[in-house]
Amino acid sequence: MQMHKTDHHMPNIDLPLAQDIVRRTMHIIPFSVNVIDARGVILASGDPQRVGDLHPGAQLALARRASVEIGAADMARLPGTRAGINLPLTVRGEICGVLGLTGEPDAVRQFGELVRAMAEMMLEQARLVSELQHEKRYREEFVFQLVYRTGISDASMQAWAARLAVDLRVPRAMFVLEIPDAGEGPGERLDQVLTQLQQVQSDLSARWPSLLMAVVSPGELVLLDAFPASGPQQARAAQARQRLLELHQVAQQALAPPATLSMGVALPGLDGATASYESAKQTARVGRARDGGQSTFSYLELSLPVLLSGLQAGWQAEQLRQTLARLLAHDRKSGTLMRTLAAWFRHHSHPMATAKALHIHRNTLDYRLQKIAELTGLDLDDTDDRLLLYVALQLN
């Protein structure tokens, strides 16, 4: 894993880790243990009164970059020292501190390498966890910038993508997991939702490490995943359904409130990822309006109404609504004609399939279609009129 340049410099051992090293090592040896930082200051000790003191033996070990033993003769020569051994702690070739064992060198020497190995293992583990956390934050911030584009240049974003080994030429789709009304109510609820989303993020990352994810607002987790942008629509729609199901099944295990998961259009590039997020959000809005009981929505199954949703305002929207105005007025009580029209389009204008789906006679269907044509003033056999009626229906 490639890391930032600053990560090559070993930071000082932090206090909790130093205390943990002392606690764990003193469980296995009968001597007091000191953990000293790179300046020679005692961070943690089996003798709490020594914490914060300079440790002359450790300073000597740091200067020599080698183990230093302090015996009776050395104690007389070096005021303030105690008998013991001081072993430099090295992680990835860099000395980051010293481990001191208090006692006669002949008595403590046999424990030295064992305790040093244990301490260095703990330091290496802490370093690795820190790097993974840093990498996670770096990936999250990249996704956040794709969503909100706060002014970082395309060149910087491209360099960022290269740093994360994200090939921008590969089409990707945004998936948006939303918990409705997450920001409303008491602060404890928001904290609970954020905790749950972080758990979802952890679970998804464990299952699919290559997923790019970030919590971008209260109650909203976004995921960026490679997805084909070309090929047969039906096959890609089925693939999208499967992917939504896989992600949602993992996510819902950590979620108490209901959540929806929507998938946007798959596109390459920086702008493509941003557009995919916007389309995923719009897909969710359209999907919830059509079927509030559903929890997953795919752009590939709602592409036309999502694309047409931009016509919800303005004079074009008004003209489209006028297409159905008389039909809606006539159909206000029963809704029979609107259901018939929707079923007719759903069954690709096939009379027998439509009549069967509506459980009506073919003649009844012909009568209803004739009534629809009369009320709208449109010819259902004319391609343009039929398209106009279909688009108006999508916006209704």
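Is Arg23 buried, partly exposed or exposed, and what is its relative accessibility? In this predicted model, Arg23 has a relative accessibility of 48%, so it counts as partly exposed. The upper limit of that class helps in reading the value, because a residue is called exposed only over 50%.

Arg23 also has a charged partner. A salt bridge links Arg23 to Asp20, with 2.2 Å between the closest N and O atoms. Both residues belong to helix 1, where three residues, or about one turn of the helix, separate them. Asp20 takes part in a second salt bridge as well, this time with Arg24, and here the closest N and O atoms are 3.8 Å apart. Arg24 again lies in helix 1 together with Asp20, four residues away, which is also about one turn of the helix. With a relative accessibility of 30%, Arg24 counts as partly exposed.

These two contacts belong to a wider set, as the structure holds 21 salt bridges. Another one of them joins Asp167 to Arg169, whose closest N and O atoms are 3.0 Å apart. What is the relative accessibility of Asp167? The value is 31%, so Asp167 counts as partly exposed. Its partner Arg169 has a relative accessible area of 70% and is therefore exposed. Elsewhere, salt bridges with shared partners connect Glu178, Glu220, Lys281 and Arg288 in one network.

Charge appears in another form on the surface, where Asp379, Asp381, Asp382 and Asp384 gather in a patch of negative charge. One of these residues, Asp382, can be placed in the loop that runs between helix 13 (362-376) and helix 14 (383-395). Asp382 has a relative accessibility of 32%, so it counts as partly exposed.

Attention now turns to the aromatic rings. How many aromatic pairs does a search of the whole structure find? The search finds six. In one pair, the rings of Phe31 and Phe111 are tilted, with 5.8 Å from centre to centre and 55° between the planes. Phe31 sits in the loop between helix 1 (15-25) and strand 1 (32-37), while Phe111 sits in helix 4 (residues 105-148), so this pair ties together parts that are 80 residues apart in sequence. Phe31 and Phe111 are both buried.

Trp344 and Phe345 offer another example: their ring centres are 5.2 Å apart and their planes meet at 55°, so this pair is tilted too. The angle can be read against the cut-offs, because planes under 30 degrees apart count as stacked and those over 60 as edge-to-face, with the rest called tilted. Both Trp344 and Phe345 are buried. Aromatic rings also come together in a cluster, which is made up of Tyr138, Phe142 and Trp160.

A last contact involves two leucines. Leu43 is part of strand 2 (residues 42-45). Is Leu43 buried or exposed? Its relative accessibility is 15%, so Leu43 counts as buried. Although Leu43 and Leu15 are 28 residues apart in sequence, their C-alpha atoms are 6.3 Å apart in space.

Notes: Residues are numbered from 1 along each chain as its sequence is written. This is a predicted model: local features need pLDDT of at least 70, side-chain atom pairs count only at pLDDT 80 or more; totals for chains, interfaces and linings use all residues. Side-chain values use heavy atoms; hydrogens and water are left out. Patches are made of residues with over 30% relative accessible area and no salt bridge: like charges are joined within 9 Å, nonpolar side chains (Val, Leu, Ile, Met, Phe, Trp, Tyr) within 5 Å. Accessible areas come from the Shrake-Rupley method with a 1.4 Å probe; for residues, only the protein chains shown count as cover. A salt bridge is a side-chain nitrogen of Lys or Arg within 4 Å of a carboxyl oxygen of Asp or Glu. Lys and Arg count as positive and Asp and Glu as negative; His and the chain ends are not counted. The place of a charge is taken as NZ of Lys, CZ of Arg, CG of Asp or CD of Glu. Helices (H or I, at least four residues) and strands (E, at least two) are DSSP runs, numbered from the N terminus. Buried means under 20% relative accessible area, exposed over 50%, partly exposed in between (1.4 Å probe, protein chains only). Rings of Phe, Tyr and Trp (its six-membered ring) pair if their centres lie within 6.5 Å; planes under 30 degrees apart count as stacked, over 60 as edge-to-face and the rest as tilted.
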